[in-house]
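Thank you all for making the time this morning. I would like to walk you through one structure, going from a single side chain outward to the chain as a whole, so please have the view open as I talk.

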Amino acid sequence: ESSVLSAIKEFAVRIQDIRGRSDTVAQLRRRQEVTVRDLALTISRYNELHPFQVVIPADTNADHGRKDKSSAEFSVNNCERRKVLYFLAHECVPSPDAVAAAVVHYRQKFDNDDDSESHRHEEEHLRGQPHLEFRNACRQLRFATTPLYEDVFPHLLAQDAGKGIHFLVALREDIMLLLQLQSKEEKMQNHNSKILLQSHSKQLKQLDRYLRNLLQSTWFTPGMLEIQPITYERTPAAVIEMIARQEAVHPMKSLSDFKSRLQPEFGRRVFGLFHPLLPNQPLVVLYASLQPSMPASMEEISTQTFTTPNKSSGLVATFYS
């Protein structure tokens, strides 16, 4: 078992233990911050774990001497990343027994038809006495119905936003990949195995929805993103290499091919949309070309030598991938 998975399990146990205490919010916050501080360094090593791999049987295609991924049965290897995702998606979700117990506890205290008991609570309220039992019962019910990871992720981000964002982005990327692989795997399995995989996928989708909402609503709002020009002189080489490698619509034939797209003197410009906590990972890449007229092909854009000595020279702005 990897140190990353061990650390997440330990953190989940501590969160569960904290939830079971009747501490004040300030005490909970202090304890959780200490826990996250110890965990952050370990979680930041998630990307060092081996990625997912498709496991294909030894049967090979006779004509080509290679494995046929489209027809052969296959499965996704049980790597450490998959174990981390499964633990979060399956072991950190509300327990039906815990939810039932919390509901019973709540009803026993507040669904009492005893008039004297109701009168006593009303008198306490009028005297300004805090309803500690009411607050604790509501708190336990909320904790029982809230996945543990909804406590893990926000506190991780609060402790170390940079490492937390990297971890959550990588985690969601792996969830989406695993869901795609499991969808293919389901088609190859028997009925019982298919039901099990569908159950796994359902839990993973719930985890993915939470991560997506957390990132979109708080950390990837439009106001936090920055548009930066990509230039051969100032942009880090690692960013240029990443952009060139990930271009799929019009693949780069060579470094000089990409460099030709970074020639503002010929009206060609490239822009990247960045998050301040992910300075070397462009979220969106936009290619633009200023032309005297509408280009008919990509070749016309890449070979255009139309110069733009002033802002009024370009008549058409062409955006392409």
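Let me begin with the term I will lean on throughout: a residue is called buried when its relative accessible area is under 20%, exposed when that area is over 50%, and partly exposed in between. What we have on the screen is a predicted model, and I ask you to keep that in mind for everything that follows.

With that cut-off in hand, take tyrosine 210, which is located in helix H9. Is tyrosine 210 buried or exposed? Its relative accessible area is 16%, and because that is under 20%, tyrosine 210 counts as buried. If we leave aside residues up to four places away in sequence, tyrosine 210 touches Tyr149, Glu150, Phe153 and Pro154. From tyrosine 210 to arginine 172 the sequence separation is 38 residues, while in space the two lie 9.9 Å apart, C-alpha to C-alpha.

Arginine 172 leads us to the salt bridges, of which a search of the whole structure finds five; I will go through some of them. The side chain of arginine 172 meets that of aspartate 208 in one of these, with an N to O distance of 2.7 Å. This pair links distant parts of the chain, since aspartate 208 sits in helix H9, residues 191-219, and arginine 172 in helix H8, with their positions 36 residues apart in the sequence. Aspartate 208 has a relative accessibility of 10%, and so it counts as buried.

Another salt bridge joins arginine 81 to aspartate 174, where the closest N and O atoms are 2.9 Å apart. Here too the pair links distant parts of the chain, with arginine 81 in helix H3, residues 80-91, and aspartate 174 in helix H8, residues 161-188, at a separation of 93 residues. Both partners, arginine 81 and aspartate 174, are buried.

Then there is the salt bridge between arginine 45 and glutamate 48, whose closest N and O atoms are 3.7 Å apart. How does the accessibility of the two partners turn out? Arginine 45, at 41% relative accessibility, counts as partly exposed, whereas glutamate 48, at 60%, counts as exposed.

Let me turn now to the largest pocket, which holds about 710 Å³ of space. Its lining is made up of 21 residues, and those that lie nearest its centre are Val169, Ala170, Glu173, Gln281 and Leu283. Which helix gives the most to that lining? The answer is H8, with seven residues, while H8, H9 and helix H10, residues 237-246, each supply at least two. For those of you who think in terms of chemical character, the lining divides into 10 nonpolar residues, five polar ones and six charged ones.

Three further positions are worth a stop. Isoleucine 8 is in helix H1, residues 3-19, and with a relative accessibility of 4% it counts as buried; threonine 42 is 34 residues away from isoleucine 8 in sequence, yet the C-alpha atoms are 8.8 Å apart in space. Alanine 137 belongs to helix H6, residues 132-144, and it counts as buried at 0% relative accessibility. Between alanine 137 and histidine 105, which are 32 residues apart along the chain, the C-alpha separation is 7.0 Å.

Proline 292, by contrast, is placed in a loop, the one between strand S5, residues 284-291, and helix H12, residues 298-303. With a relative accessible area of 34%, proline 292 is partly exposed. Its C-alpha lies 9.9 Å from that of glutamine 304, a residue 12 positions away in sequence.

Finally, the whole chain. The protein chain contains 12 helices and six strands, and of its 321 residues, 36% are buried. If we consider contacts with a sequence separation of 6 or more, 70% of them are between residues 24 or more positions apart. The accessible surface of the chain comes to about 19,200 Å², and carbon and sulfur atoms account for 52% of that surface.

Terms used. Residues numbered from 1 in each chain as written. Predicted model: local features only at pLDDT ≥ 70, side-chain atom pairs only at ≥ 80, totals over all residues. Heavy atoms only, no water. Helix = DSSP H or I, 4+ residues; strand = E, 2+ residues; numbered from the N terminus. Buried < 20%, exposed > 50% of the residue type's maximum accessible area, 1.4 Å probe, protein only. Salt bridge = Lys/Arg side-chain N within 4 Å of Asp/Glu carboxyl O. 1 Å grid on protein atoms, 1.4 Å probe; cavity = no way out; pocket = protein on both sides within 12 Å on 5 of 7 lines; lining within 4 Å. Points joined across faces, edges and corners; volume = space filled by probe spheres on them. Nonpolar A, V, L, I, M, F, W, Y, C, P; charged D, E, K, R; others polar. Contact = heavy atoms within 4.5 Å. Areas by Shrake-Rupley, 256 points an atom, 1.4 Å probe, with all protein chains shown as cover.
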